[in-house]
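Colleague: I have a few short questions about this model. Can we go through them one by one?

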Amino acid sequence: MKMRLGADGPGETGAYIEVSTTRGFAKRIPIDEARLSECRQEQDGAAGIALCQQLVDDLAARIKTAVAEAVRG
């Protein structure tokens, strides 16, 4: 099982997390650029922390699902 952070374009354009196995399973989980931008704009404070935490929680849930799918084969 491998996980990697990648991007289709320069910088963070088209950023994604990829979960893959040597058996050929591969799933890309896109990182929502608009939500990432909102997190950056808020910077500090409760609203910014909440936005960023929700983004991380959503990505974590999607990664866990992809890993479970990969394990099932």
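Colleague: Is I17 buried or exposed?

Modeller: Keep in mind that this is a predicted model. I17 sits in strand β2. The cut-off for buried is under 20% relative accessible area. I17 has a relative accessible area of 14%, so it counts as buried.

Colleague: How many of the six residues of β2 are buried?

Modeller: A15, I17 and V19 point one way from β2, and these residues are buried. Y16, E18 and S20 point the other way, and they are buried too. That leaves β2 mostly covered, and the count of buried residues is six of six.

Colleague: What share of the residues in the protein chain is buried?

Modeller: The C-alpha trace spans about 45 × 25 × 15 Å along its principal axes. The protein chain has 73 residues. Of these, the buried share is 23%.

Colleague: Which pattern does the protein chain follow along the sequence?

Modeller: There are two helices and three strands in the protein chain. Helix α1 covers residues 33-42, and helix α2 covers residues 45-72. Read along the sequence, the pattern is β-β-β-α-α.

Colleague: How many bridges join β1 to β2?

Modeller: β1 and β2 run antiparallel. One facing pair is G6 with Y16, the latter in β2. The bridges between β1 and β2 come to six.

Colleague: Which residue in β3 is the bridge partner of I17?

Modeller: Strand β2 (residues 15-20) and strand β3 (residues 26-30) run antiparallel, with five bridges between them. V19 stands opposite K27 in β3. For I17, the bridge partner in β3 is I29.

Colleague: Which residue in the turn between β2 and β3 has a positive phi?

Modeller: β2 and β3 form a hairpin. Five residues lie between the two strands. The phi in question is about 105 degrees, and it belongs to G24.

Colleague: Which residues are linked with D8 in a network of salt bridges?

Modeller: Start with D8 and R28, whose side chains meet in a salt bridge at 3.0 Å, N to O. D8 is in the loop between β1 and β2, while R28 is in strand β3, 20 residues apart. R28 also meets E18 in a salt bridge, at 3.6 Å, N to O. With D8, the network links R4, E18 and R28.

Colleague: Is E18 buried or exposed?

Modeller: E18 is in strand β2, 10 residues from its salt-bridge partner R28 in strand β3. R28 counts as partly exposed because its relative accessibility is 44%. D8 is at 58%, so it counts as exposed. E18 has 15% relative accessibility, so it counts as buried.

Colleague: Which residue in helix α2 pairs with K27?

Modeller: K27 is in strand β3, and its partner is 42 residues apart along the chain. The two side chains meet in a salt bridge at 3.4 Å, N to O. K27 is partly exposed at 32% relative accessibility, and its partner is partly exposed at 26%. That partner is E69.

Colleague: How many salt bridges does the count come to?

Modeller: The rule takes a side-chain nitrogen of Lys or Arg within 4 Å of a carboxyl oxygen of Asp or Glu. The pair K27 and E69 is at 3.4 Å, and the pair D8 and R28 is at 3.0 Å. The count comes to five.

Colleague: Which residues gather in a patch of negative charge on the surface?

Modeller: One member is E33, in helix α1. With 42% relative accessibility, E33 counts as partly exposed. A patch takes residues with over 30% relative accessible area and no salt bridge. The residues in this patch are D32, E33, E38 and E42.

Colleague: What separates the C-alpha atoms of R40 and C52?

Modeller: R40 is part of helix α1. R40 counts as partly exposed, because its relative accessibility is 46%. C52 is 12 residues apart from R40 along the chain. Their C-alpha atoms are separated by 8.5 Å.

Colleague: How far apart in space are I17 and A68, C-alpha to C-alpha?

Modeller: I17 belongs to strand β2. I17 and A68 are 51 residues apart in sequence. In space, C-alpha to C-alpha, they are apart by 15 Å.

Notes
Residues are numbered from 1 along each chain as its sequence is written. This is a predicted model: local features need pLDDT of at least 70, side-chain atom pairs count only at pLDDT 80 or more; totals for chains, interfaces and linings use all residues. Side-chain values use heavy atoms; hydrogens and water are left out. Patches are made of residues with over 30% relative accessible area and no salt bridge: like charges are joined within 9 Å, nonpolar side chains (Val, Leu, Ile, Met, Phe, Trp, Tyr) within 5 Å. Accessible areas come from the Shrake-Rupley method with a 1.4 Å probe; for residues, only the protein chains shown count as cover. Lys and Arg count as positive and Asp and Glu as negative; His and the chain ends are not counted. The place of a charge is taken as NZ of Lys, CZ of Arg, CG of Asp or CD of Glu. Helices (H or I, at least four residues) and strands (E, at least two) are DSSP runs, numbered from the N terminus. Buried means under 20% relative accessible area, exposed over 50%, partly exposed in between (1.4 Å probe, protein chains only). Two strands pair if DSSP finds at least two bridges between them.
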